[in-house]
Amino acid sequence: MGSIPVHEFMSLDGVIDTPTWTFDYGFDPRMGEAIAAVTRRSRGILLGRTTYEMFEPSWSTRTVDDDPGAPFFNDTTKYVVSGSLTTATWRNSEIIGPYDPDGIRALKDRIDGDLYVSGSATLVRALLADGLVDELHLFLYPLTRGSGPRLFPDALTSTLTLAASESYDNGVVYLAYRPQTN
């Protein structure tokens, strides 16, 4: 059985909306190394419909020459959680239907490796609420957004254990957490 690691770009006030606001900070190559460490052990990508529809046009045409992450996003099976999407147009994609925690658990048991999640705010909040997130990989940017979708819903409480941290010259801090076990 694999785990579900979640990767998010996040503002100091917890906003994880479409992170175009990250462009002003550049992308430190060590950030790519941290993400690659997570994707390297992943054998599937779990995405919500909105993120799938945002990722497809930007990733499906990229090659390794454009971005070293392109083969991962294009060659790895993408499992799309959606109650409205009926046809997958990006190669290696499978629509698994509406969110169902038992279905996600079964998928997690079936995949020999991890199920990587990026973006997919609604899906991630549901996974967090159902205790299905095994790791959080957060890239915390030194700005506040004021409003926008947040990673943690108001009613969710969690105790996490810091697994790794690193700071970059662009002001971004990488934080990796795991759910605390008793």
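This report describes the overall build of a predicted protein model, three of its helices and one residue of its first strand.

## Overall architecture

The protein contains 5 helices and 8 strands. Read from the N terminus, these elements follow the order β-α-β-α-α-β-β-α-β-α-β-β-β.

A compact globule of 182 residues would be expected to have a radius of gyration near 16 Å, and the value for the protein, 16 Å, agrees with this. Along the principal axes, the C-alpha atoms occupy a box of roughly 45 × 40 × 30 Å. Of the contacts between residues at least 6 apart in sequence, 71% connect residues that are at least 24 apart.

## Surface and charge

Of the 182 residues, 44% are buried. The accessible surface amounts to about 9,300 Å², and carbon and sulfur atoms account for 50% of that area.

The protein carries 15 positive and 24 negative charges, and the mean positions of the two groups lie 2 Å apart.

## Helix α2

Helix α2 spans residues 49–59, and its buried residues are T51, Y52, F55, E56 and W59. These buried residues line one face of the helix, because they fall within an arc of 135 degrees when seen down the axis of α2. The list of buried positions includes the acidic residue E56.

The elements that cover the buried residues of α2 include the strands β2, β3, β4 and β5, together with helix α3 (70–75).

## Helix α4

In helix α4, the buried residues are I104, L107 and K108. They lie on the same side of α4, since they cover an arc of only 100 degrees around the axis. The face turned away from this buried side bears D102 and R110, both of which are exposed.

The buried residues of α4 pack against the strands β2, β3, β4 (93–97) and β5, and also against helix α5.

## Helix α5

Helix α5 comprises residues 121–129, among which A121, L123, V124, L127 and L128 are buried. Viewed down the axis of α5, the buried residues fall within an arc of 160 degrees, so they line one face of the helix. T122 and A129, on the other side of α5, are exposed.

The packing partners of the buried residues in α5 are the strands β1 (5–11), β2 (42–48), β3 (77–81), β5 (114–118) and β6 (135–141), along with helix α4 (101–110). Contact between α4 and α5 thus appears from either helix: the buried residues of α4 pack against α5, and those of α5 pack against α4. After α5 comes G131, a residue with a positive phi near 65 degrees.

## M10 in strand β1

M10 belongs to strand β1. Its relative accessibility is 9%, which is under the 20% limit, and therefore M10 counts as buried. Strand β1 is also one of the elements against which the buried residues of α5 pack.

M10 and L140 are 130 residues apart along the chain, yet their C-alpha atoms are separated by 5.0 Å. When neighbours within four places in sequence are set aside, M10 is in contact with V15, I16, W21, L138, F139, L140, Y141 and L151. Four of these partners, L138, F139, L140 and Y141, fall within the range of strand β6 (135–141).

Notes
Residues numbered from 1 in each chain as written. Predicted model: local features only at pLDDT ≥ 70, side-chain atom pairs only at ≥ 80, totals over all residues. Heavy atoms only, no water. Buried < 20%, exposed > 50% of the residue type's maximum accessible area, 1.4 Å probe, protein only. Helix = DSSP H or I, 4+ residues; strand = E, 2+ residues; numbered from the N terminus. Arc of directions from axis to C-beta. Contact = heavy atoms within 4.5 Å. Rg over C-alpha atoms; globule rule 2.2 N^0.38 Å. Areas by Shrake-Rupley, 256 points an atom, 1.4 Å probe, with all protein chains shown as cover. Lys, Arg positive; Asp, Glu negative; His and termini not counted. Charge placed at Lys NZ, Arg CZ, Asp CG, Glu CD.
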